[in-house]
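User: I would like to learn how to read ring contacts and cysteines in a model. Can you take me through them step by step?

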Amino acid sequence: MHRQESVGGGQGSLTTAEVLDRAMDQCMQRGLFDTAAWLGQLALNATDGVLHERIAATSPVVAALQDPPLTGRAHRHLVVALSLMQKGEYLRCHYELDSALKEFAAEATPEERSESCATEFPPPQLQFLCLYSLYMGGECVKCTSSNPRKSTNPHLRTLRGRLLAVLEQQRRSSSTPAASVRSSVKPAPRSSTLMGVGAAAYGDPFLCWLHGVVLRELGMKQESATYFLAALCNHPMLWCAWEDLCTLVSRENQIEEIEAMIAALEPRFMPEIFLATVKAALNVAPVSLAPSSLSSAAAAAMVQRSTSPHGGSLPPQPTPARESQQQHQQQQQQQQQRRGEGYVSPRLVNSWEALLERFPGSLFLLSNLAGYYYNVKKDLEKAQSLYKRLHEMNPYRLESVDDYSIVLFLRGDRIGLSSLAQQVYQIDPFRAESNYVVGNYYVLMGAHDRGVLHFRRAVAADPTFLAAWTLLGHAYLETKNSAAAVEAYRAAVELDPRDYRGWYNLGQIYELLQFYHHALYYYWHTTTLRPTDPRMWSAVANCLDREGRKEEAVLCLERAEAYESSSSDYYPPLVHRLGSHYLETRQPDRAVVYLEKLALSEARRLDDVLFALPHVSSYYLKQARQLLNIPSRSPSYDPAPHYAARAGRPPPTAAGGAASAGSGDGFVVYGCSLADQWLAADAAVRRHIEARWEQAALCLTKTEKHLGSFAAALGIPVSAAAEPGMPGPAEYGDAGGGVMPEEGASQHTMQLDCLCRELNKVRQYLASQQEQVEAAVRMRGGGREGGSA
């Protein structure tokens, strides 16, 4: 085509500012006003360093920016077509341009017809506008139908046929010398899911994007992604193509595949913005690895060496000598990096914050940063401050005001939400965002009927407004209209199947209706969309429990516990439920794990502590008894008299235990104890017995710690809790258990008393065992010394 000839005729590299300006002009000439405005805002907020970066002449974007200038009748047709597009007369625009293209084809010579892609006829601007206006006309017909969600664009198949014909004609002529510039750009490597594309082989990037849109509407998502990637590999400045490609990414592994394909595209900030956007859509933290950079002094020195000697901020044109110098500098930098001189280690940074450093005034990036704190970090305070700053910077920008209203709603800020609703309704009462904010305010005030009215207006103004459909379903549910709520949630799911809220809300409705099998279908799908969200797994566990599938429900609860924060209010009921289940199924080892977590949780209540600590203390006491070979009896059982009676002698006292542990005739007091086994065993068995004593001592230490917490929860001093004959809770006040009934307090106090007595007895028994061994060792040592004397 003509633009390919102009690039091959000696065009050099371009600055980022020139790339942005030319891309804006191209989009304006093709009726892509939103993309042109987005690029213009990005260019206005870019730093001088970004604008002065140079794009190599061999980059695909440089070749794609060379449009043929329109003059004469072609220019007049373009002006008329753009005016019709702005007025919304799309079918009239298509008719005018279709007639004009037929005139151009009739006036072309046979040579021009045979090489139509190598000339400026038909002009690519008019060719794209003709097809794009037909698509937009079909979209208007779709939106004005009685059921926009169920209807389709009537011109899709016609568009697909015409686009295939035009692109096939361009592919056949891509082997001509005029197309050699684009063919020199190597495509990205082939990937497993999304096919790698050779950009030049697919033709005009704007037509590739439009073809991808048509294929997506026809349900051919794989082929659609291929054409979107073809358009972007040829023209990375097409923000509309980046947005449409984002809607097709549904899994995290696809992000890695696409990232490998677009790694070499320039300018680099376009793929970075896309990757951050698609991660945000999948509720993944938009984090990137910042490369190693020079220290400030070294960076300043490099900048000083690379600046123009004429005082300008633009770097000089590349020459062979300068390129060799730059390569030498890069080799020196790599050597310094290996030695660790002047470099800092790579670190993880937030992608939105890193992009805001290069585009500091971008409201688009700032709104996405606020959305990151709201959706991913769940930091409502930080999100509110960012949204407030965004609204103050431009109060007439309504694109992100819906998320701002949700943050105010969740924080219960009635005054702030009321003020915001009044402002946006005065700006434009017919905008979908305005009605969304007003409906949100009415729901906060409890007027759900008024909320339904404004949410319906929002979806009528913009049938693709996903958040409005979701909140419309909430409002219908509050008004007891379950059927309408289901329809609203289904609309949200159809608009964006990646959004978990529609699936989760459908599951909740069917769970309320006790259709647990249907609810499970939707809840299981939410776990694939948000696998680390504990609410999703808890919802699945509830339905499984209702259906009698206890074991599967417990597995889901364990996964929810693994993802839930211990400081969350939902954490104590979760571990309480798991601990109770394992107690009922007689699995104390598993139960004590969750009961300890319950007792240590930051959001625990008094009832949780009083439930968990007695079970945990009893478990560790039982473990200590088993390690010491003490029979499992009631808490009033005293092990010392038992062993003394079996030996035929009275038990040793606390003062004279060591003296009575052994006598001159060699009789051992505790004939069945571990101490007896230690005295008669070899070195390996002795080490094993000593390890058991250490483990028993550790269990007793844990028991003492938990009983101290138990006593503190009851308002009893820890020192008094360990003494026999503890006073009742009335003597120590009710600190820590003021809401506990007196009968319950007495029961827990008696339980604590029994556990403390058992702890003291087991500890005394362990001490007597160790004293017996020490006495026997001393006696044997003394006997050997007397014999040698």
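**Rings, charges and cysteines**

Analyst: This is a predicted model. Start with a cluster: ring pairs join Phe 128, Tyr 132, Phe 206 and Trp 209.

User: Which charged end sits over the ring of Phe 206?

Analyst: That of Arg 30, 4.1 Å from the ring centre. Arg 559 lies likewise over the face of Trp 537, at 4.6 Å from the ring centre.

User: How many aromatic pairs does the structure hold?

Analyst: It holds 22 aromatic pairs. Take Trp 38 and Phe 364: their ring centres are 5.6 Å apart and their planes meet at 85°, so this pair is edge-to-face. Planes over 60 degrees apart earn that label. The pair links distant parts of the chain, 326 residues apart: Trp 38 is in helix H3 and Phe 364 in helix H20.

User: Is Trp 38 buried or exposed?

Analyst: Buried, with a relative accessible area of 13%. Tyr 372 and Tyr 373 also form an edge-to-face pair, 5.2 Å centre to centre with 65° between the planes. Tyr 372 is buried at 11%, and Tyr 373 is buried at 13%.

User: How many disulfides does the structure hold?

Analyst: Zero. Check the sulfur distances against the cut-off: a disulfide needs two cysteine sulfurs within 2.5 Å. For Cys 240, the closest cysteine sulfur is in Cys 27, 6.2 Å away, so it is too far for a bond. For Cys 756, the closest is in Cys 754, at 9.4 Å, again too far.

User: What is the relative accessibility of Cys 240 and of Cys 756?

Analyst: Cys 240 has 8% and counts as buried. Cys 756 has 6% and is buried too.

Methods
Residues are numbered from 1 along each chain as its sequence is written. This is a predicted model: local features need pLDDT of at least 70, side-chain atom pairs count only at pLDDT 80 or more; totals for chains, interfaces and linings use all residues. Side-chain values use heavy atoms; hydrogens and water are left out. Buried means under 20% relative accessible area, exposed over 50%, partly exposed in between (1.4 Å probe, protein chains only). Rings of Phe, Tyr and Trp (its six-membered ring) pair if their centres lie within 6.5 Å; planes under 30 degrees apart count as stacked, over 60 as edge-to-face and the rest as tilted. Helices (H or I, at least four residues) and strands (E, at least two) are DSSP runs, numbered from the N terminus. A charge sits over a ring if NZ of Lys or CZ of Arg is within 6 Å of the ring centre and within 35 degrees of the ring normal.
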